[in-house]
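Dear colleague,

I am handing over the structure we spoke about, and I would be glad if you could look through it alongside the notes that follow it.

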Amino acid sequence: MSAHTQTHSLTDRVGARTVAGLMALVFGSILVFGVGLANSHTLHDAAHDTRHSYGFPCH
Amino acid sequence: MIVRLLLAALAAGLIAGMAMTPAQYVKTIPLIMQAEAYEDTEGHSHDASEAGAAHEHSGDSVLGFGRFWDTVLANLVAGAGFALMLAAVALIMGVELPAGREAIMRGLLLGAGAWFCVQLAPSIGLPPAVPGFPHADIGDRQSWWMITVAASAVGLWCLVMRPEWVVKALGLVIIIAPHVWGAPVPGDLSSEVPAYIASAYAAASLATTLFFWLLLGGLLGYFLSRVPEEAAA
């Protein structure tokens, strides 16, 4: 039983949809943080109009 | 299958993000530019540490092609990011997306829920603001914004997805809590930006983002429903 369990990947245990969901959550959070919230002048200036248009706190 | 699900979310996000640029150039960005004209002539609303840092984007740009393409890129990244997060919610919650019209309808509902959490709920305390508007400390506002988005999402899930009345009531409390606590408010509310621009802008921001989230939700529901259960990749 234990040997059997070890051969199972994370995908088998919690399901491919949940694994995809967790990966999407990580990638999506990084992208949204970079566009909307990161405290970098370069990112702020490039995403300025997008930040304002989405109502992110800006300036 | 995992790769296919992520690609489905990315596709929906890039299409919705692409559609957002023309929507912004019709509704929000003309108002941002009008407001900047007032901000630049007065310039008193920024303190010394912020002066010069906030608005140097007129000439320089990250891509080197100017402000328009910066916004196109930022909207694509924002679209992809929001799409991945919305897909994450759908996949982790186990929302079933039967093929066809039903998948689009459920996607639209997901998009509407996300609009409530990411746009409407935070806008109650921090109205979408044009440049030159009075503002509290950026760190305080970002913290309150993130807490409100998260609380609204958790609260909405309790309210809509759970059958127990106690949990539904708790969800309502969680949604309201950040507003009872209160958003950071600037000390001085005076501004050189005309009130008309500000109020038109708040409505324009909520309207364009509603368009974005409904388009994103509908596309996401449709694309995710097209990923076969037994797909290898």
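Helices, as the term is used here, are DSSP runs of H or I with at least four residues, and they are numbered from the N terminus. Read in this way, chain A follows the pattern α-α-α-α-α along its sequence, which amounts to five helices and zero strands. Please keep in mind throughout that this is a predicted model.

Chain A has 59 residues, of which 47% are buried. Chain B has 233 residues, and 45% of these count as buried. Chain B likewise has zero strands, with seven helices, and its elements run α-α-α-α-α-α-α from the N terminus on.

Within chain B, the packing of helix α1 (residues 2-27) and helix α7 (residues 195-225) may interest you, since their axes lie 9 Å apart and meet at an angle of about 155°. Angles over 145 degrees count as roughly antiparallel, and α1(B) and α7(B) are therefore roughly antiparallel to each other. Their crossing is right-handed, and the residues of the contact between α1(B) and α7(B) comprise 19 that are nonpolar, four that are polar and one that is charged.

Turning to the aromatic residues, I should say that a pair of rings is described by the distance of the centres and the angle of the planes. Rings of Phe, Tyr and Trp pair if their centres lie within 6.5 Å, and by this rule there are eleven aromatic pairs over all chains. One of them joins Tyr54(A) and Phe56(A), whose ring centres are 6.4 Å apart and whose planes stand at 45°, so that the pair is tilted. As buried means under 20% relative accessible area, Tyr54(A) is buried with a value of 1%, and Phe56(A), at 5% relative accessibility, counts as buried too.

Which aromatic cluster do Tyr54(A) and Phe56(A) belong to? They form one cluster together with Phe82(B), Trp145(B), Phe212(B) and Trp213(B), so named by their chains, A and B.

A further detail in chain B concerns a charge and a ring: Lys168(B) lies over the face of Trp165(B), at 5.9 Å from the ring centre.

With best wishes

Technical notes
Residues numbered from 1 in each chain as written. Chains lettered and ligands numbered in written order. Predicted model: local features only at pLDDT ≥ 70, side-chain atom pairs only at ≥ 80, totals over all residues. Heavy atoms only, no water. Axes fitted to C-alpha atoms, helices over the stretch in contact; angles between N-to-C directions. Helix = DSSP H or I, 4+ residues; strand = E, 2+ residues; numbered from the N terminus. Parallel < 35°, antiparallel > 145°, perpendicular 65-115°, else oblique. Left-handed = near helix turned anticlockwise from the far one by under 90°. Nonpolar A, V, L, I, M, F, W, Y, C, P; charged D, E, K, R; others polar. Phe/Tyr/Trp six-rings, centres within 6.5 Å; stacked < 30°, edge-to-face > 60°. Buried < 20%, exposed > 50% of the residue type's maximum accessible area, 1.4 Å probe, protein only. Lys NZ or Arg CZ within 6 Å of the ring centre and 35° of its normal.
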